[in-house]
Amino acid sequence: MCAIVGIYGNSDAAKLTSMALFAMQHRGHEASGISSGGDDCKKIWTIKNRGFVRDVFNEKSFETLKGNIAIGHNRYSTAGKDSVADTQPIHAKYKLGEISIVHNGNLTNKDYVRNRLIEEGSIFQTSMDTENMIHLIAKSSENKLKDRIIKSTKKLKGAYNFIIQSRSKLFVVRDKYGVRPLSLGQLKTGGYIVASETCCFDIVDATFVRDINPGEMLIFSSKNNDIETIQLFEDIDYRPCAFEYIYFARPDSMIDGKSVYNTRKAMGRLLAKKDDIKADMVIPVPDSGVPAALGYAIQSGIPFELGIIRNHYIGRTFIEPTQNMRNIKVKMKLSPMKSLIQGKSIIVVDDSLVRGTTSKTIIKMLRNAGASQIHFRVASPMIKYPCFYGIDTPTKEELIHATKTPEEVCSYIGADSLSYLSIDELKDAIGRDRNYSLVSFDGDYFID
Ligand code: AMP
């Protein structure tokens, strides 16, 4: 969850950051923030608040957010933690000057580090794991910020991408597993961009340069003509998150060299390959089920139809804190095309089934609209384990596959049949050239 972006060396740094955040709104719409500064400013400004990017920033914001360096963040938190205090960037003054930091991921030793810092006298302002990094940097005895960041990083465990801005430099760190995506682009109007997803490069007129390597640190500074790169860890175990491909990322993004859209289509094709159902149409659950449904339709030869219409003025429904609100939100978001569905047998494709809220509500809607048969197809394996590496999944008890068999799930959601992608098929769809983080499916918690 969350989107982060950093811009270095462009006089419109804050404005470009807001545009990139806008393109990555799908990664979090609870809060948004930007810090800016740079060589001539000798100061860092921050504007952040709850709400969508378009609510938090306006033209006036960019009169405040000066400078040629900026960082930004879109927040997607779990239920209940939506206070203004828990927005990013986190900006602080410390011995060497000022810094501001944005983070995407999840630090698995958050409590251990935090408790030790508190014992040593630190006072925390937020409940975010990101604040640990600020304290570690502030308390370090190294004379250079670069060395403070390196030392602090070694004390962290988990999945993390950090972008840190000082008054004159920009630092980027990706964890040694490369769980969350992070890419580098070059701006046509001058300077560089680092962002969670490449889908924001078009909007700011940037060309893709490369992905940040797992365990790599980049330093942008006017002292160096080139970007300085340091490999922080030797024991690299590259594990990009499979869920970015399944659900989280925008289909037009390239993640670690692979098109999200193509991998989703491949997931749909593989689902269809093992089916021999004769149905009238394949319909996606919009938006995240669309590429997989297309793949299913192409492979099976069954017509693709838009049988469910999505209201675009509602965000992602998953974040709602109560089950009742989640049910209502799904209804407000999705509506069946009655004239198309009536009397028809349909194959419905969604990217994932977590609690079963969406599928149960949709199937009820489609039955009320007159569908004669509903075959539900999930373009990912069964989610049985919570993810602690930065994807918002509920507790194990709330995960429907942790407590019910596939047959029980099928009857709970009210489908005529139900099937999933296997873990092997998921690997085939994304590609077998490297390992992926599959914790939600296989429970292999490779980070402590
Ligand atoms: P559920 O309704 O709980 O079964 O969740 C499944 C639906 O939520 C699917 O339509 C997914 O597109 C979406 N989804 C899956 N994982 C997430 C997540 N981490 N955050 C937000 N939405 C999600």
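Which backbone N or O atom lies 2.8 Å from an oxygen atom of the ligand? In this predicted model, one such atom belongs to Val354. A backbone N or O atom of Arg355 also lies 2.8 Å from an oxygen atom of the ligand. Asp350 contributes through its side chain: a polar atom there is 2.6 Å from a ligand oxygen. The protein buries 95% of the 500 Å² that the ligand exposes when taken alone. Two elements each give two or more residues to the surrounding shell, namely helix H7 (242-248) and helix H12 (357-368).

The shell around the ligand holds 16 residues. Tyr76, Asp350, Asp351, Gly356 and Thr358 come nearest to the ligand. By class, the shell divides into 7 nonpolar, 5 polar and 4 charged residues.

Salt bridges form the next topic. The structure holds 26 of them. One joins the side chains of Glu244 and Arg27, with an N to O distance of 2.8 Å. The two partners are 217 residues apart, and the pair links distant parts of the chain. Glu244 sits in helix H7, whereas Arg27 sits in the loop between helix H1 (13-23) and strand E2 (31-37). Both residues are buried. Glu244 and Arg27 also belong to a network of salt bridges that includes Arg180 and Glu197.

A second salt bridge starts from the loop between H1 and E2, where Glu30 is found. The side chain of Glu30 meets that of Arg75, and the N to O distance is 3.9 Å. Arg75 lies in strand E4 (residues 69-75), 45 residues away from Glu30 in the chain. Glu30 is buried, and Arg75 is buried too.

A third salt bridge pairs Lys176 with Asp235, with the closest N and O atoms 2.8 Å apart. Lys176 is in the loop between strand E8 (169-174) and strand E9 (183-187), and Asp235 is in the loop between strand E13 (228-231) and H7, so the pair ties together parts that are 59 residues apart in sequence. The cover on the two partners was also computed. Lys176 has a relative accessibility of 17%, so Lys176 counts as buried, because the limit for that class is under 20%. Asp235 has a relative accessible area of 46% and is therefore partly exposed.

Helix H1 and strand E2 were then examined for burial. H1 is mostly covered, with 8 of its 11 residues buried. The buried residues are Ala13, Ala14, Leu16, Thr17, Ser18, Ala20, Leu21 and Ala23. In E2, 7 of the 7 residues are buried, so this strand is largely enclosed by the rest of the structure. In a regular strand, side chains alternate between the two faces of the sheet. Ala31, Gly33, Ser35 and Gly37 point one way from E2. Ser32, Ile34 and Ser36 point the other way. The residues of both sets are all buried.

E2 also pairs with other strands. With strand E3 (residues 45-50), E2 pairs in the antiparallel sense over 6 bridges. Here the bridge partner of Ala31 is Arg50 in E3. With E4, E2 pairs in the antiparallel sense over 7 bridges. On that side, Ser36 stands opposite Ala70.

Some details of the backbone remain. A cis peptide bond joins Gln88 and Pro89, with omega at about 5°. Pro89 is in the loop between E4 and strand E5 (90-94). The peptide bond from Pro286 to Asp287 is also cis, and its omega is near -5°. Asp287 is in the loop between strand E16 (281-284) and helix H9 (290-300).

Positive phi values occur at two aspartates. Asp205 is not a glycine, yet its phi is positive, at about 60°. Asp205 is found in the loop between strand E10 (192-195) and strand E11 (206-211). With a relative accessible area of 39%, Asp205 is partly exposed. Asp256, likewise not a glycine, has a positive phi of about 45°. Asp256 is in the loop between strand E14 (254-255) and strand E15 (258-259). Its relative accessible area is 6%, so Asp256 is buried.

Technical notes. Residues are numbered from 1 along each chain as its sequence is written. This is a predicted model: local features need pLDDT of at least 70, side-chain atom pairs count only at pLDDT 80 or more; totals for chains, interfaces and linings use all residues. Side-chain values use heavy atoms; hydrogens and water are left out. A residue is near a molecule or strand if one of its heavy atoms lies within 4 Å of it. A polar contact is a pair of N or O atoms within 3.5 Å; within protein, one must be able to donate a hydrogen and the other to accept it, and residues adjacent in sequence count only if both atoms are side-chain atoms. Accessible areas come from the Shrake-Rupley method with a 1.4 Å probe; for residues, only the protein chains shown count as cover. Helices (H or I, at least four residues) and strands (E, at least two) are DSSP runs, numbered from the N terminus. Ala, Val, Leu, Ile, Met, Phe, Trp, Tyr, Cys and Pro count as nonpolar, Asp, Glu, Lys and Arg as charged, and the others, Gly among them, as polar. A salt bridge is a side-chain nitrogen of Lys or Arg within 4 Å of a carboxyl oxygen of Asp or Glu. Buried means under 20% relative accessible area, exposed over 50%, partly exposed in between (1.4 Å probe, protein chains only). Two strands pair if DSSP finds at least two bridges between them.
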